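Good morning, everyone. Please have a look at the model on the screen while I talk you through it.

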Amino acid sequence: MEAVGAIVALLFVLFLVLGVYATVKVVKAAKRGVDRTITEARRTVEDTTLRAKSFAQTGSAGELAQLRLSLRTSMRATQDVLQAGAPDDASLKETLQLFDRLSVHGHELDDELRRLERDPDKAALAERLPALRERTEQITKAADSLRWSARDRARRFADDDLDSLSTQIDMEAGALRHWTTEPTPDRTAAPAAWPDPASAPLPEPAPEESEAARRAAQEPTRPAITPPGARVAYPWEKKAKPESTT
């Protein structure tokens, strides 16, 4: 009984630990989902605010909002493209590392632009705007270059795969239509010429006829009519007188 009780207690503790572990995992996943939702909502609100400021405000404040909006849009689009393609393409992992280094400069610039939005010294802000504009263009240009290179690479792989697939489909279609590749007789060609009777080979005689012909060749040739033999002279016959000559 003590052994049974110990086994039951052990199973209870095991199920309890598994339940706590599963609960913690679910809570963490839910927390990540909530944090992701809050971050996206905050980002959407901030982008909408910057877009409104860039249209509504004029001067340095409107230009700062435009620079921040351009920077954030370019960096976010590049990040989405690289993160989506990195699992399938190992070369994009190095590109993603370069983007992470570029993101450090992007976040520093975004924070600086956010602080300058609340700066009351408009004259000093106007003096710094050319340098801020050049810095923003440099970062966005680098991000755009990485993004378009990754897209061109993905499209190239897709085109190569499509070409290979089209070739295989054409070969398979040709194999399925194998009867169309069989040669057909040419009915328009001229008929074969008849052989010349003089040069045509004689038919071989049958075995019986050949044997009879060989025997006939061995026998002497007999004339068609037997010639008369020498006339026999009888004793009671008178000798013919020779004709007299004059």
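I will go from the overall fold to the core, then to the charged pairs, and end with a surface patch.

First, a caution. This is a predicted model. The average pLDDT of the protein chain is 75, and 63% of the residues score at least 70. Where is confidence lowest, and where is it highest? It is lowest in helix α5, residues 207–218, with a mean of 58. It is highest in α3, at 89. Where pLDDT is low, we should not read the predicted coordinates in detail. Keep that in mind for α5, with its mean of 58.

Now the overall picture. The chain has five helices and zero strands. Reading from the N terminus, the order is simply α-α-α-α-α. There are 246 residues, and 17% of them count as buried. The chain exposes about 20600 Å². Carbon and sulfur atoms supply 60% of that area. One more overall number. Take the contacts between residues at least 6 apart in sequence: 69% of them join residues at least 24 apart.

Let's go inside. In soluble globular proteins, nonpolar side chains tend to be buried together. Here, the largest nonpolar core has 21 residues. Which members touch the most others? They are Leu-64, Met-75 and Leu-132. Three elements give two or more residues to this core: α2 (59–85), α3 (91–117) and α4 (122–176).

Take Met-75 from that list. Set aside its neighbours within four places in sequence. Met-75 is then in contact with Phe-99, Leu-102, Ser-103, Ile-139 and Ala-143.

Next door in sequence is Ser-74, in helix α2. Is Ser-74 buried or exposed? Its relative accessibility is 8%, so it counts as buried; the cut-off for buried is under 20%. Beyond four places in sequence, Ser-74 is in contact with Thr-140, Ala-143, Asp-144 and Arg-147. Ala-143 is also on the contact list of Met-75.

Now find Leu-113, in helix α3. Leu-113 has a relative accessible area of 0%, so it is buried. Which residues does Leu-113 contact, leaving aside neighbours within four places? They are Leu-64, Leu-67, Arg-68, Leu-132 and Thr-136. Leu-64 and Leu-132 came up a moment ago, among the core members that touch the most others. Here is a distance to check on screen. Leu-113 and Ala-61 are 52 residues apart in sequence, yet their C-alpha atoms are 9.9 Å apart in space.

On to charges. Side chains of opposite charge can pair when their charged atoms come close. How many salt bridges does a search of the whole structure find? It finds 13. I will show you three.

The first pair is Arg-68 and Asp-110. Their side chains meet in a salt bridge at 3.0 Å, N to O. Arg-68 sits in helix α2 and Asp-110 in helix α3, 42 residues apart, so this pair links distant parts of the chain. Arg-68 is buried, with a relative accessible area of 2%. Asp-110 counts as buried too, at 7%.

The second pair is Arg-135 and Glu-108. Here the salt bridge spans 4.0 Å, N to O. Arg-135 lies in helix α4 and Glu-108 in helix α3, so the pair ties together parts that are 27 residues apart in sequence. Arg-135 is partly exposed, at 29%. Glu-108 is partly exposed as well, at 42%.

The third pair is Asp-152 and Arg-155. Their salt bridge is at 2.7 Å, N to O. Both residues lie in helix α4, three residues apart, which is about one turn of the helix. Asp-152 counts as partly exposed, at 36% relative accessibility. Arg-155 does too, at 46%.

Some salt bridges share partners. Such bridges join Arg-68, Arg-72, Asp-110, Asp-111, Arg-114 and Glu-117 into one network. Arg-68 and Asp-110, our first pair, belong to it.

Last stop: the surface. Which residues form a nonpolar patch there? They are Phe-12, Val-13, Leu-16, Val-17, Val-20 and Val-24. Together they have about 550 Å² of accessible area. One of them, Leu-16, lies in helix α1, which covers residues 2–56.

That is my tour. Questions are welcome.

Key
Residues are numbered from 1 along each chain as its sequence is written. This is a predicted model: local features need pLDDT of at least 70, side-chain atom pairs count only at pLDDT 80 or more; totals for chains, interfaces and linings use all residues. Side-chain values use heavy atoms; hydrogens and water are left out. Patches are made of residues with over 30% relative accessible area and no salt bridge: like charges are joined within 9 Å, nonpolar side chains (Val, Leu, Ile, Met, Phe, Trp, Tyr) within 5 Å. Accessible areas come from the Shrake-Rupley method with a 1.4 Å probe; for residues, only the protein chains shown count as cover. Helices (H or I, at least four residues) and strands (E, at least two) are DSSP runs, numbered from the N terminus. A nonpolar core is a set of buried Ala, Val, Leu, Ile, Met, Phe, Trp, Tyr and Cys residues joined through side-chain atoms within 4.5 Å. Buried means under 20% relative accessible area, exposed over 50%, partly exposed in between (1.4 Å probe, protein chains only). Contact means heavy atoms within 4.5 Å. pLDDT is the predictor's confidence in each residue, from 0 to 100.
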